[in-house]
Amino acid sequence: MSYIHFEQINKKFGSNHVLKDIDLEVEKGQLVTLLGPSGCGKSTLLRCLAGLEQVTSGRVYVDGEDITDVIPRRRGIGMVFQQYSLFPNMNVTDNVAYGLKLKKLPRAQIADKVEHMLEIVGLSEKKGQYPAQLSGGQQQRVALARAMVTEPKVLLLDEPLSAIDALLRKNLQIEIRRIQQQLGITTVFVTHDQDEAMVMSDVIHLFHDGRIEQSGTPEQIYTHPATKFAATFIGNYNLPDAADFNRVFGADIAGESVAIRPEIVMLSKQPLGRTETRLTAKGKIVQHISHGSLIRFGVDFDGLLLNADVVYESGMDFAEGETVYAAVKKELVIGL
Amino acid sequence: MKKRNSSAALVMTLVIIWLLIPLLATIIYSLFEDWTGILPKGFTLSAYQTIFSDPGFLTAMYQTVLVCLVPIVITIVVVLLALFVVTVYFPRLEKYVQILCMIPYTIQGVILSVSILTLYAKGDSVLSQRMAMLIGAYCIIILPHIFNGIRNSMRAINMKMLLEAAEVLGESKLKAFFKVIVPNILTGITVSSLLAVGLLFGDYVIIRNLSSSNVNNMQQFLYQAMKRSSTEASAVFVVIMMITFVITAIVLMLQSRTSLEKTRNEG
């Protein structure tokens with residue numbers, strides 16, 4: 001059995017069926033992300049694991065033990081909340097030491113552990129300060145230290161970075177991943193940000209409407225979306241009708257739609273040779289948007305609009321209205 | 001900008017003077033034998049000497065503080081526990097609790113005291129004792145003030161999430177409430193307590209109706225003093241003011257000491 005096992009989990013709030021027959025497994029030491037839009041049930045599943053919500057039906061196992069009916073404080077789980085939830089009346093040291101004091105560890109041991117954990121999260125200098133005196137990023141690191149210092153069986157992160165500005169967020173994503181790998185702690189991470197999920201996860205479970213839409217490594221999920229929803233949510237996929245695509249590119253892709261990543265659409269000012277593995281078409285540039293290192297071109301292929309990403313380099317620019325020739329590798333076009 | 005600040009300071013000074021004049025006049029009046037002309041004549045502490053040598057005065061002072069502090073402590077504990085249960089287990093009931101706690105706003109002191117007398121005076125239980133009736137009545141009178149103060153403070157913090165955070169760390173809900181939530185709403189508790197102190201110190205109607213001669217508080221002593229001498233009555237009033245001031249100062253000092261400790265730790 002896996003380290004964490006959700007077995008046929010259902011959760012209802014009144015008539016609202018939030019989780020529908022969820023079966024999910026997490027291996028020890030992994031960082032697993034529950035990804036999905038707001039209201040899809042990912043946070044509810046996390047709270048069921050923490051014991052903060054009771055499942056309507058199904059069982060939850062951690063390390064082989066059935067914890068479905070165990071109260072939160074006996075589950076041995078650490079949790080970091082979206083709004084940090086640091087205790088405002090306690091300084092950084094007291095916040096981090098809170099769980100250890102409840103375990104009735106000797107004072108010296110508590111001090112050592114707190115010191116060590118604050119070093120790991122890089123906040124040794126702030127140990128006497130109160131939450132209100134810390135920045136959002138610092139508060140979140142304290143929350144992380146507080147959750148990890150008790151050496152929980154599982155660490156739960158409920159959108160911990162959503163209230164932090166973009167640059168700090170990227171740094172913290174890497175930092176959390178580093179600490180998680182350093183301590184080898186099994187972690188379940190909830191986010192609605194697909195980029196964040198890609199950066200941090202060993203495995204991603206994509207949620208949609210209370211069900212798991214697709215599971216896999218970040219690469220698998222990104223390169224092989226199983227459904228139209230997965231393709232829409234995970235990347236910037238082009239999702240034209242299969243019939244339109246086949247007409248323009250002279251292909252025979254099966255399914256209702258096709259999913260094409262913008263970066264696999266190659267553009268050229270010169271005609272590109274068609275082969276068995278390469279599909280080609282002629283189009284016209286209708287849009288030009290700069291994304292820093294990438295330029296996204298909107299191309300009209302006889303009524304079929306596709307986005308194409310081109311790495312920014314001199315000489316690879318196309319003007320709006322200019323005729324271009326496009327090619328895509330057939331094997332990378334996914335029929336849905 | 002400077003002109004605007006000066007005008008604001010002038011207005012504030014005038015308001016403070018206006019508010020302090022009656023108090024100062026009472027203090028001066030209590031310290032002189034005669035104040036019928038422009039200036040008072042014959043400085044004396046005899047009024048204070050008289051009231052402090054009256055054994056009834058110290059009893060009244062003690063009983064006033066007692067019937068003031070006991071209901072406040074009882075009400076704070078009851079409201080805290082009620083709000084804990086409502087927030088954690090029955091959030092839908094909060095509006096009903098609020099309505100119940102607001103009802104005393106609409107009850108006049110006379111009606112309350114007469115109702116309590118009608119209900120309990122003829123019995124022989126603990127609740128029929130005059131002191132118990134008085135404390136109970138005071139609990140009702142201050143309930144809306146204490147409830148509003150505490151509830152508003154609770155709304156300023158994310159109580160549910162803080163409790164959940166403590167619970168996941170291994171704390172029980174009730175202990176987490178007193179260790180994490182209560183310290184963060186101390187300001188609200190303090191302010192509402194001070195409001196209640198002011199309210200109860202000023203009561204005359206309820207204590208007069210409910211306790212009759214069984215409990216003698218400062219207001220009743222003041223009433224008796226007014227019959228004897230206006231200078232003595234002024235001295236009693238000054239003492240009441242001083243007691244209120246001392247209680248307020250102690251509470252505020254305790255609160256500021258906590259803030260000071262926090263500031264020191266920051267350094």
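**Exercise 1. The open sheet of chain A**

In what order do the 6 strands of the open sheet in chain A stand? Identify the edge strands.

*Solution.* The model is predicted, so local features need pLDDT of at least 70, side-chain atom pairs count only at pLDDT 80 or more, and totals for chains, interfaces and linings use all residues. Residues are numbered from 1 along each chain as its sequence is written, chains are lettered from A and ligands numbered from 1 in the order in which they are written, and side-chain values use heavy atoms, with hydrogens and water left out.

Step 1. Strands (E, at least two residues) and helices (H or I, at least four) are DSSP runs, numbered from the N terminus. Two strands pair if DSSP finds at least two bridges between them.

Step 2. The order in chain A is β6-β7-β8-β3-β9-β10, with mixed pairing.

Step 3. β6 (77-80) and β10 (211-216) of chain A each pair on one side only, which makes them the edge strands. From one strand to the next the twist averages 20°.

Step 4. Within this order, β3 (residues 31-35) and β9 (residues 203-208) of chain A run parallel and are joined by 4 bridges. A:Thr33 is placed opposite A:Ile204 of β9(A).

**Exercise 2. The partners of β1(A)**

Determine which strands pair with β1 of chain A, and in what sense.

*Solution.* Step 1. β1 (residues 4-13) pairs with β4 (residues 57-62) of chain A in the antiparallel sense, over 5 bridges. A:Ile4 stands opposite A:Val62 in β4(A).

Step 2. β1(A) is also joined to β2 (residues 16-26) of chain A by 7 bridges, and these two run antiparallel. Here A:Phe6 has A:Leu24 of β2(A) as its bridge partner.

Step 3. The hairpin of β1(A) and β2(A) has 2 residues between the strands, and A:Gly14 takes a positive phi near 65° in it.

**Exercise 3. Burial of α1(A)**

Is helix α1 of chain A mostly covered or uncovered?

*Solution.* Step 1. Buried means under 20% relative accessible area, exposed over 50%, and partly exposed in between (1.4 Å probe, protein chains only).

Step 2. In α1 (residues 42-50) of chain A, 8 of the 9 residues are buried, and the helix is mostly covered. Among the buried residues are A:Lys42, A:Leu45 and A:Arg47.

Step 3. Just after α1(A), A:Gly51 has a positive phi of about 90°.

**Exercise 4. Two helix pairs of chain B**

Describe how α3(B) packs with α6(B), and α7(B) with α8(B).

*Solution.* Step 1. Axes are lines fitted to C-alpha atoms, for helices over the stretch in contact, and angles run from 0 to 180 degrees between N-to-C directions.

Step 2. The axes of α3 (residues 55-88) and α6 (residues 130-155) of chain B come within 7 Å and cross at roughly 50°. That angle makes α3(B) oblique to α6(B), given that under 35 degrees counts as roughly parallel, over 145 as roughly antiparallel, 65 to 115 as roughly perpendicular and the rest as oblique.

Step 3. Among the residues making the contact (heavy atoms within 4.5 Å) are B:Val70 of α3(B) and B:Arg151 of α6(B). B:Val70 counts as partly exposed because its relative accessibility is 28%.

Step 4. The axes of α7 (residues 159-168) and α8 (residues 173-184) of chain B come within 9 Å and cross at roughly 115°. Their contact includes B:Leu162 of α7(B) and B:Phe177 of α8(B).
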